[in-house]
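Me: I am new to this structure and would love a close look at a single part of it. Could you walk me through it in a friendly way?

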Amino acid sequence: MTSIQLKPEAKRYIQNHGSYNPFTENEQGIQIERTPFLQRHIQLADIKSIENTYFIAKDGTKIPIRIYTPHTDETILPVILYFHGGGWAIGDLDYMDGGCQYLAKHSQAIIVNVDYRLAPEHPYPIPQQDAYDALNWIYQNPLQLPIDLKRLAVAGDSAGGNLAASIAVRAIEEQGPPIQALLLTYPALDATATVANEDLQFAKQYGLDDDELDLYYRYYVQGNERLTHPYVSPALYEKKALLPPTIIVSAAYDVLNHEGEKFIEELQQAGVQAERVILDGLIHSFFSKMDYFEQETEEATIHLSNFFHSIIQD
């Protein structure tokens, strides 16, 4: 059993928030409470502009996005599509605002933060389709952003990491836009997986409970026959050698740790450049919580950015 040495910020977060299950079921069906996770707003001097706009999804829906442009001497920048976590059920553009600012600062890339539609009102495949539509939208670049599409990455945390990995799979299968890198933070990658023995001690009160994860998948997928599809479970994709270079930043105490470790090992065995970084003393859901984990969020974005730079500079 792992000796647990939480950072003080992680202890404080657990004391104040503990587990969070937004779902209730009654005779009216599934109900969800999306209480905004209020946190300190930041405004980094390194960010030149932040723009709220939208793109039109395949079905005609307006999908809000937020575009972050860093101060830089470059005229044409790399671009990173970002998908927030929240179990495919909660979260919005503000949820990851701080993390996206730090990612723009350290990657020196334009970040496009995508407010995809949420389950259970919009179950799979809608959030995944929104994510893939965002990829196609940025590749068409109708806003004429100053971006270099040969330096395109997709990124996300937790459920957003799942969406990022799943659209990388889909882009391969459907000959979609080429993705140069996957930048993932504690992603959920396998809906069929059981919690590894070594992670069981983190299955309660460490930012994501095991039964909470099951509920998120249940209301996102809404059909067990879909759980093995690689657009739902990217870790089950058999053609891993075709996936782009990938980094996973993990929290030391996270119920999803073994999933991330196994995915990186399988990519490496397939010949894909892949790396995993473990941040000590942290729990699932630390990313972009500015009231608790601003320093740790910045550290995560430095790791993600350094990996991205190593890929696009080769």
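Which backbone oxygen lies 3.2 Å from a polar atom of the side chain of Asn113? Please start there and work outwards.

Reply: Happy to. Keep in mind that this is a predicted model. The backbone oxygen you are after belongs to Leu93, and it lies 3.2 Å from a polar atom of the Asn113 side chain.

Let's settle where Asn113 is. It belongs to strand β6, which covers residues 110-114. Its relative accessibility is 0%, so Asn113 counts as buried, the cut-off being under 20%. Leaving out residues up to four places away in sequence, Asn113 touches Pro64, Ile65, Arg66, Tyr68, Tyr82, Leu93, Met96 and Cys100.

Now widen the view to the sheet around this strand. It is an open sheet of 8 strands with mixed pairing, in the order β3-β4-β6-β5-β7-β8-β9-β10. At the edges stand β3 and β10, each with a single partner strand, so one side of each has no neighbour in the sheet. On average, neighbouring strands here are turned by 20° against each other, ignoring direction.

In that order, β6 sits between β4 and β5. On the β5 side, the pairing of β5 (residues 77-83) with β6 is parallel and runs over 5 bridges. Within it, Val79 stands opposite Ile110 of β6. Helix α7 (residues 290-312) packs on the sheet, touching β5, β7, β8, β9 and β10, and its direction makes about 175° with that of β10.

On the other side, β4 (residues 62-70) is joined to β3 (residues 47-56) by 9 bridges, and these two strands run antiparallel. One of the pairs matches Ile56 with Lys62 in β4. The hairpin of β3 and β4 has 5 residues between the strands, and Gly60 there takes a positive phi near 95°.

Next, back to the stretch around Leu93. Asp92 is found in the loop between β5 and α2. With a relative accessible area of 33%, Asp92 is partly exposed, whereas Asn113 is buried. The Asp92 side chain reaches the backbone nitrogen of Asp94 at 3.1 Å, and one of its polar atoms lies 2.9 Å from the backbone nitrogen of Tyr95. Setting aside neighbours within four places in sequence, Asp92 is in contact with His84 and Asp115.

Asp92 also leads us to Arg117: the two are 25 residues apart in sequence, with their C-alpha atoms 9.3 Å apart in space. Arg117 counts as buried, at 15% relative accessibility. Side chains of opposite charge can pair when their charged atoms come close. Here, the side chains of Arg117 and Asp59 meet in a salt bridge, at 2.9 Å from N to O. Arg117 lies in the loop between β6 and α3, and Asp59 in the loop between β3 and β4, so the pair ties together parts that are 58 residues apart in sequence.

That salt bridge has company, as the structure holds 16 of them. Among them is the one in which the side chains of Asp148 and Arg151 meet, at 2.9 Å from N to O; Arg151 is buried, with a relative accessible area of 17%.

To retrace the path: start at Asn113 in β6, step to the backbone oxygen of Leu93, look at Asp92 in its loop, and finish at the salt bridge of Arg117 and Asp59.

Note on methods. Residues are numbered from 1 along each chain as its sequence is written. This is a predicted model: local features need pLDDT of at least 70, side-chain atom pairs count only at pLDDT 80 or more; totals for chains, interfaces and linings use all residues. Side-chain values use heavy atoms; hydrogens and water are left out. Two strands pair if DSSP finds at least two bridges between them. Helices (H or I, at least four residues) and strands (E, at least two) are DSSP runs, numbered from the N terminus. Buried means under 20% relative accessible area, exposed over 50%, partly exposed in between (1.4 Å probe, protein chains only). A polar contact is a pair of N or O atoms within 3.5 Å; within protein, one must be able to donate a hydrogen and the other to accept it, and residues adjacent in sequence count only if both atoms are side-chain atoms. Contact means heavy atoms within 4.5 Å. Axes are lines fitted to C-alpha atoms, for helices over the stretch in contact, and angles run from 0 to 180 degrees between N-to-C directions. A salt bridge is a side-chain nitrogen of Lys or Arg within 4 Å of a carboxyl oxygen of Asp or Glu.
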